[in-house]
Structures are given as C-alpha cells and as structure tokens.
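Trainee: I am new to this structure. Please take one part and walk me through it closely.

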Amino acid sequence: MRIIRTRYLPPKNYEAINILGLLFVHPEVELTPAIINHERIHTRQMLEMLILPFYLWYVTEWFIRLPRKGRAYLNISFEREAYRNMDNPDYLSHRHPFAWRHYL
C-alpha cells in the first residue's frame, strides 16, 4: 500500500482514505499501526471483490444505511470488519475470504 500525504484527500473528519490501494492521508495525521491495519483490511476486501464491485457495494450499502440510526459510514459491513479488527495485527493472516459478510 502506497501512502500519499495531501491536503485534498480524505474529506474532513476522516484520517485516511484508501482508493485502489493508495492511502491518502492529511499531512498532520499520525499513521498508527491500527490505522494502517484498518486500511490493509480494506485493500484485502477490494481485491477479493475485484475492486469495482467493492466500490459499488460500499456506496449501495451506505445509501441503504443512511435512514437508519447512527452514522451510515460506521454501519457499512466493510467498515465494521475493519474497525473491529484494526487492533489485531495478525488479523489478515487468519482472515477468511469475504469475512465482511458476517458484519452485514
């Protein structure tokens, strides 16, 4: 995963955004091992879904979760998997393919 520091991405209130395996980070953000692991989990999700379907599913799920209680972003299955496991540095070594489905 390549890290690119820029003031333009990610949007406000986000520390990093992973686009096609490129990690965009604001210059002042400290990249912790947990944040990097979170984004590596997203990269694995992207690859197993062949990239374009990942983004289509992500946006569709975000729209579906908008009317529900809480922040739609945090309720997306991809995010739930990544947040729940970001503090486990060994997670990707034992993660099952399509593990995000368990967070739907």
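Mentor: Start with Glu 39, which is found in helix α1. Helices here are DSSP runs of H or I with at least four residues, strands are E runs of at least two, and both are numbered from the N terminus. Before going on, note that this is a predicted model: local features need pLDDT of at least 70, side-chain atom pairs count only at pLDDT 80 or more, and totals for chains, interfaces and linings use all residues. Residues are numbered from 1 along each chain as its sequence is written, and side-chain values use heavy atoms, with hydrogens and water left out.

Glu 39 has a relative accessible area of 6%, so it counts as buried. Buried means under 20% relative accessible area, exposed means over 50%, and partly exposed lies in between, with a 1.4 Å probe and protein chains only. What does Glu 39 touch, not counting residues up to four places away in sequence? Its partners are Met 1, Ala 16, Ile 17, Asn 18 and Leu 23. Contact means heavy atoms within 4.5 Å. Glu 39 is also 9.7 Å from Ile 19, C-alpha to C-alpha, with their places 20 residues apart in sequence.

Those contacts lead to strand β2. In a regular strand the side chains alternate between the two faces of the sheet. β2 shows this: Ala 16 and Asn 18 point to one face and are buried, while Ile 17 and Ile 19 point to the other and are not. β2 pairs with strand β3, residues 22–25, in the antiparallel sense over four bridges. Two strands pair if DSSP finds at least two bridges between them. Asn 18 stands opposite Leu 23 in β3. Two residues lie between the strands of this hairpin, and Leu 20 takes a positive phi near 55 degrees.

Go back to α1 for Gln 45. Its relative accessible area is 0%, so Gln 45 is buried. Beyond its neighbours within four places in sequence, Gln 45 is in contact with Phe 54, Phe 78, Glu 81, Arg 95 and Trp 100. The C-alpha atoms of Gln 45 and Ala 82 are 9.5 Å apart, though 37 residues separate them along the chain.

Glu 48 is in α1 as well. Glu 48 counts as buried because its relative accessibility is 18%. Its side chain makes a polar contact of 2.7 Å with that of Arg 95. A polar contact is a pair of N or O atoms within 3.5 Å; within protein, one must be able to donate a hydrogen and the other to accept it, and residues adjacent in sequence count only if both atoms are side-chain atoms. Leaving aside neighbours within four places in sequence, Glu 48 is also in contact with others, including Pro 97, Phe 98 and Trp 100.

Now look across to α4. Its buried residues are Ser 77, Phe 78, Glu 79, Glu 81, Ala 82 and Asn 85. They pack against α1, α2, α3 and α5. Asn 85 has a relative accessible area of 11%, so it is buried. Not counting residues up to four places away in sequence, Asn 85 touches Asn 37, Ile 41, Tyr 91 and Tyr 103.
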